[in-house]
Amino acid sequence: MKYAVILIILSVIIIPLPFSVKGIFSFNNKKTYFNLYFYRVIKIKSAYINYNEKKFYLHLTDKKAIEFKPGDMMPRMDNIDVLELFVFTKIRYAIALDAAGSVAKFIAVSLVNQMNFIMFSVLKEVKPSIDFKGSTIICDDKKTSGLYFDIGICFNILKIIAGIIKSFFKGVKNA
């Protein structure tokens, strides 16, 4: 029994843990609604982010919000490189635009499609393990315009612990 417990603990530390973030950024009310899933099935949290001119508000509940400034969200040079700790496994998105009645918006949709082709070819060359798909949807009502996304992220606890330890000893030199 004790070997099974040790094996389970080591497995949790070593095996990558998959998370998925699914959501929508609404162009009309400038809010991002998202859900965080574990193994694409177990919903962990639902929340939304509200945008103002100079601040972001993360609403984890209806009554409380966490305030961020855009400069606070950028990583600093002395912090751990957060993007190295995570592995992106899936990037899928769809942009829905009200382009049925305007030629300029229809041209914008075709430019977005061209950028999707470019991103797909670059990602397949640089990171072939990423499942990437980008698409555009032309709609004729203003209620459904937005950016729909589904992002798959994996990380393991051992890599995060190693990154934290590495950041502690980064500036220390032997005398």
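**Exercise 1.** Classify Arg-92 by exposure, then find its salt-bridge partner.

Step 1. Arg-92 has a relative accessible area of 35%, so it is partly exposed. The cut-offs: buried is under 20%, exposed is over 50%, partly exposed is in between (1.4 Å probe, protein chains only).

Step 2. The partner is Asp-131, at 2.5 Å, N to O. A salt bridge here needs a side-chain nitrogen of Lys or Arg within 4 Å of a carboxyl oxygen of Asp or Glu.

Step 3. Place the pair. Arg-92 lies in strand β6 and Asp-131 in strand β7 (residues 131-139), so the bridge ties together parts 39 residues apart in sequence. Strands (E, at least two residues) are DSSP runs, numbered from the N terminus.

Step 4. Asp-131 is partly exposed too, at 31%.

Keep the source in mind. This is a predicted model: local features need pLDDT of at least 70, side-chain atom pairs count only at pLDDT 80 or more, and totals for chains, interfaces and linings use all residues. Residues are numbered from 1 along each chain as its sequence is written, and side-chain values use heavy atoms, without hydrogens and water.

**Exercise 2.** Decide whether Lys-90 is buried or exposed, and name its salt-bridge partner.

Step 1. Lys-90 has a relative accessible area of 8%, so it is buried.

Step 2. Its side chain meets that of Asp-150 at 2.8 Å, N to O. Lys-90 is in strand β6 (residues 87-98) and Asp-150 in strand β8 (residues 146-155), 60 residues apart.

Step 3. Asp-150 is buried as well, at 14%.

**Exercise 3.** State how many salt bridges the whole structure holds.

Solution. The search finds three. One of them joins Glu-67 and Lys-55 at 3.1 Å, N to O.

Methods: Helix = DSSP H or I, 4+ residues; strand = E, 2+ residues; numbered from the N terminus.
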